[in-house]
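Subject: Handing over the structure

Dear colleague,

I am passing on a structure for you to look through, and my notes on what was found in it follow below. Please keep the view open while you read, so that you can find each place as it comes up.

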Amino acid sequence: MRVLPVGDDALLVEVSSGDEAQALHAELLRRRAEGSLPAGEIVPAARTVLLDGLSEPAGLAAELAALELPPVPPRATETVEVPVRYDGPDLADVAAHWGVPAREVARIHADTEFRVAFCGFAPGFAYLTGLPSRYDVPRRPTPRTAVPAGSVALAGPYTGVYPRSSPGGWQLIGTTGLALWDHARVPAALLSPGTRVRFVPVTATATATATATERATEPATATEPAG
């Protein structure tokens, strides 16, 4: 573990793996909740955790450098279910990479319980872990200029859902009508670090019905957030 100062009141903690980053993030949140860690923002990433708003960063840096990380504790929240239609344009490529039929990709993916490791890239975009390393897939050699909103995608060890249309090089295996980001909702992001997620296969008819219902109940003033 390496602890680096960031400005006058922040620290960046580097660890060796995503699992360690999740364990560190959970431990820091626990300490803040019990009042032993006076920190503002605690932001996880792939292999780092940023702590901001510290009153004595130097003292905390020495403490963190000697910290023994406990396992990631189970999060006491319900699992978020994401309805997905496994119809992505890269499903066959992922199946070939895994050495299984396309329908098996859907089964393996839907049978996995995911956990949000960290968020970034775009408002509402969460990096989900849970698939064994043998199912890692490379990014596309040439990114798409526009990935449709609601695309369920894979890249490296992560699964993600594009909350809005944007460029992207991930492998697209499905689509969902669930809103990952809604500025009229509190919190606006459906998924946050530590949240458990499961993907639930649905038919094309069910997906269209759910999407139409969701759009019909959206506030008339809702707009797409910048980012």
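How many helices and strands does the protein have? The model, which is a predicted one, has five helices and 13 strands. Of the 227 residues in the protein, 41% are buried, and the accessible surface comes to about 11,700 Å², with 55% of that surface belonging to carbon and sulfur atoms. If you look at the contacts with a separation of 6 or more, you will find that 61% of them are between residues 24 or more positions apart.

A good place to begin is the start of the chain, where strand 1 (residues 2-6) and strand 2 (residues 10-14) run antiparallel and are joined by five bridges. Within this pairing, Leu4 has Leu12 of strand 2 as its bridge partner. The hairpin that these two strands form has three residues between the strands, and Gly7 takes a positive phi there, near 65 degrees.

The interior comes next. The largest nonpolar core has 27 residues, and those that touch the most other members are Trp98, Leu128, Leu191, Val197 and Phe199. At least two residues of this core come from each of several elements, among them strand 5 (80-84), helix 3 (91-98), helix 4 (102-110) and strand 13 (196-201). Another core, of 17 residues, lies apart from the largest one, and its members include Val15, Leu60, Ala61 and Leu67.

Phe199 deserves a look of its own. Once its neighbours within four places in sequence are left aside, Phe199 is in contact with a list of residues that includes Val82, Val84, Tyr86, His109, Ala110, Phe114 and Leu128.

Two of those names, His109 and Ala110, are also found among the buried residues of helix 4, which are Val105, Ala106, Ile108, His109 and Ala110. Which elements cover the buried residues of helix 4? The cover includes helix 3, strand 6, strand 9, strand 10, strand 12 (171-175) and strand 13.

Finally, please find Tyr162, which lies in the loop between strand 10 (158-161) and strand 11 (166-168). Is Tyr162 buried or exposed? Tyr162 counts as buried because its relative accessibility is 1%, and the cut-off for being buried is under 20%. Tyr162 is also 14 residues away from Pro148 in sequence, while the two are 7.3 Å apart in space, C-alpha to C-alpha.

With best wishes

Key
Residues numbered from 1 in each chain as written. Predicted model: local features only at pLDDT ≥ 70, side-chain atom pairs only at ≥ 80, totals over all residues. Heavy atoms only, no water. Pairing = 2+ DSSP bridges. Helix = DSSP H or I, 4+ residues; strand = E, 2+ residues; numbered from the N terminus. Core = buried A, V, L, I, M, F, W, Y, C linked by side-chain atoms within 4.5 Å. Buried < 20%, exposed > 50% of the residue type's maximum accessible area, 1.4 Å probe, protein only. Contact = heavy atoms within 4.5 Å. Areas by Shrake-Rupley, 256 points an atom, 1.4 Å probe, with all protein chains shown as cover.
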